[in-house]
Amino acid sequence: VEMAENNAEITLKNKFEDKNSLLLELKDVLKMDKMPRKIECYDISNISGTNIVAGMCVMQNGIIKKNLSRTFKIKTVLEQDDPKCMQEVIIRRLKHSIENSEGGFGKLPDVIFADGGITQIRAIKQAISDVQKWINSELSGSVKLNIAVFGMVKDDTHSTRALIDEERNEIQISEKLMNLITNFQDQVHETAISYHRKLRDKEITKSE
């Protein structure tokens, strides 16, 4: 029993150190002034502008938390415009935490990753700016948003290729971190497309 306890402690310690080293690497390569403890990732899914939805996944302390995944049905965009859809989702999500910090979304993220390139990055940054203006106007500037934004881009085979910043610079990361980012991107894509399929299937099976 003592040997089993010791082995469990060693395994847990190694796992913690491994995740912590990935967070330190991420903090360094993203040039952040704080540890990226909470990272959220978003993806938009639709077919020809119908049943437009978004998926959100969360990584806390280097671990992807499937139970914290969320889905959104787009309300204000009536055509295929992924950047505008992304703006709507980010604004709704950030306002939710600001108005109810104890709600289901929890604390605000340190970093947001977008499934996509420069247009999605700029859409998210615009959404953050819009929410900050709302905070300054309605809440007397009681919250200062400090959320970094990066894109996750794919290659011709639809595999994760790199993280990029707003200047289209590709960020060099280790293989271990790349594997984690790839899993993160795959998870949010699956979350979004599963919700889209659910709505589509519901629509095609309902009667007049």
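**Group meeting: a walk through the sheet**

Okay, let me start in the middle of the fold: strands E4 and E5, the latter covering residues 148–154, pair in the parallel sense, and 5 bridges hold that pairing. One bridge to look at there is Asp115, whose partner in E5 is Met152. Before I go on, keep in mind that this is a predicted model.

Now the other neighbour of E4. Strand E1, residues 38–47, runs parallel to E4 as well, and 4 bridges join the two. If you want a residue pair to click on, take Cys41, which has Phe113 in E4 as its bridge partner.

So how many of the residues of strand E4 are buried? It's 5 of the 5, residues 111–115, so the strand is largely enclosed by the rest of the structure. And you can see that on both faces: Val111, Phe113 and Asp115 are buried on one side, and Ile112 and Ala114 are buried on the other. Yes, that includes Asp115, the partner of Met152 that I mentioned a moment ago.

Let's zoom out to the sheet. It's an open one with 7 strands, the order is E3-E2-E1-E4-E5-E6-E7, and the pairing is mixed. At the edges you have strand E3, 63–73, and strand E7, 170–171, each of which pairs on one side only. As a reminder, strands of a sheet pair through backbone hydrogen bonds, either parallel or antiparallel. The antiparallel sense shows up at the E7 end, where E6, residues 160–164, and E7 pair over 2 bridges. There, Leu163 stands opposite Ile171 in E7.

What about the whole chain? We've got 4 helices and 7 strands, and from the N terminus on they run α-β-β-β-α-β-α-β-β-β-α. The radius of gyration is 19 Å, close to the 17 Å that the globule rule gives for 208 residues, so the chain is as compact as a globular protein of that length. Along its principal axes, the C-alpha trace spans about 65 × 45 × 35 Å.

A few more numbers on packing and surface. Of the 208 residues, 46% are buried. Looking at contacts with a separation of 6 or more, 61% come from residues 24 or more positions apart. The accessible surface is about 12,000 Å², with 48% of that belonging to carbon and sulfur atoms.

Last thing, charges: there are 31 positive and 32 negative ones, and their mean positions lie 4 Å apart. That's my tour, thanks.

Terms used:
Residues are numbered from 1 along each chain as its sequence is written. This is a predicted model: local features need pLDDT of at least 70, side-chain atom pairs count only at pLDDT 80 or more; totals for chains, interfaces and linings use all residues. Side-chain values use heavy atoms; hydrogens and water are left out. The radius of gyration is taken over C-alpha atoms; the globule rule is 2.2 Å times the number of residues to the power 0.38. Buried means under 20% relative accessible area, exposed over 50%, partly exposed in between (1.4 Å probe, protein chains only). Contact means heavy atoms within 4.5 Å. Accessible areas come from the Shrake-Rupley method with a 1.4 Å probe; for residues, only the protein chains shown count as cover. Lys and Arg count as positive and Asp and Glu as negative; His and the chain ends are not counted. The place of a charge is taken as NZ of Lys, CZ of Arg, CG of Asp or CD of Glu. Two strands pair if DSSP finds at least two bridges between them.
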